Amino acid sequence: MAEAKPGLEGVIAAATAAQGDQPKKRGLPPVHLWNPANCGEIDIRIRKDGVWFHEGTPIGREALVRLFSTVLRKDPDGFHLVTPVEKMKIQVEDAPFIATRVDREGETLKFLTNVGDEVEAGPENAIRVEMGEDGEPRPYLHVRRGLEALIARPVFYELVEMAQEQETPDGPTLGVSSNGAWFPVGPPRAHQL
């Protein structure tokens, strides 16, 4: 896939330029405002465990993955790396990020993702739990503009330990609160089984 290299280099250059001279502060470029005409695909895949691959090889440089994550956008037709001049579709097996840590600070749950995003759960960044085909919970956290993080199993266990029962129209349900919002961590009455 010879065309991928210039595109990949373009993404690196654009994301680096968007970071400016604040390497310690996570700058997020305005990808939601960019609508480049040049579109294509690039052989990048984010596996369901959060590992990024390029041309079948894991991207080992954490800083590069973090950089790519800043220009990731979810559109109706899928996930794209977007710069002012290019929009390249990539493959994402599940959620593009993994929530690897949670801390309770007062009334707020603060999450850290595998790409360095710090996210406060609340009305703007909801926690949702789906039940997988195998009957196991699949918990997610909204990170930004439709992009979600799968909540890692150890982190989800921490949430369950923090959970309190609340009466809902469907019955008693365990959930957690953050920034004035309440999020169920499982189906009603699941904790009573």
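## What counts as a pocket

A pocket here is an open set of grid points where a 1.4 Å probe fits, with protein on both sides within 12 Å along at least five of seven lines. Keep in mind that you're looking at a predicted model.

## The chain overall

The protein chain carries three helices and 15 strands. Of its 193 residues, 45% are buried. If you take the contacts between residues at least 6 apart in sequence, 52% of them join residues at least 24 apart.

As for the outside, the accessible surface comes to about 10600 Å², and carbon and sulfur atoms own 50% of that.

## The largest pocket

With that definition in hand, the largest pocket has a volume of about 230 Å³. Its lining takes in 14 residues, and the ones nearest the centre are Phe156, Val160, Val185, Gly186 and Ala190. By type, the lining splits into nine nonpolar, three polar and two charged residues.

Where does the largest share of the lining come from? That would be α3, with four residues. Both α3 (153-162) and β14 (171-178) chip in at least two lining residues each.

## A closer look at α3

Helix α3 has three names to remember on its buried side: Val155, Phe156 and Leu159. They end up on the same side of α3 because they cover an arc of only 100 degrees around the axis. Flip to the other side and you'll find Pro154 and Glu161 exposed.

So what covers those buried residues? The cover includes β7 (97-105), β8 (108-113), β10 (127-131), β11 (137-144), β12 (147-151) and β14. Phe156, then, is a buried residue of α3 and also one of the residues nearest the pocket's centre.

Conventions. Residues are numbered from 1 along each chain as its sequence is written. This is a predicted model: local features need pLDDT of at least 70, side-chain atom pairs count only at pLDDT 80 or more; totals for chains, interfaces and linings use all residues. Side-chain values use heavy atoms; hydrogens and water are left out. On a 1 Å grid over the protein atoms alone, a cavity is a set of points where a 1.4 Å probe fits but cannot get out, and a pocket is an open set with protein on both sides within 12 Å along at least five of seven lines; lining residues have an atom within 4 Å of a point. Grid points are joined across faces, edges and corners, and a volume is the space filled by probe spheres set on the points. Ala, Val, Leu, Ile, Met, Phe, Trp, Tyr, Cys and Pro count as nonpolar, Asp, Glu, Lys and Arg as charged, and the others, Gly among them, as polar. Buried means under 20% relative accessible area, exposed over 50%, partly exposed in between (1.4 Å probe, protein chains only). Contact means heavy atoms within 4.5 Å. Accessible areas come from the Shrake-Rupley method with a 1.4 Å probe; for residues, only the protein chains shown count as cover. The arc is that of the directions from the helix axis to the C-beta atoms.
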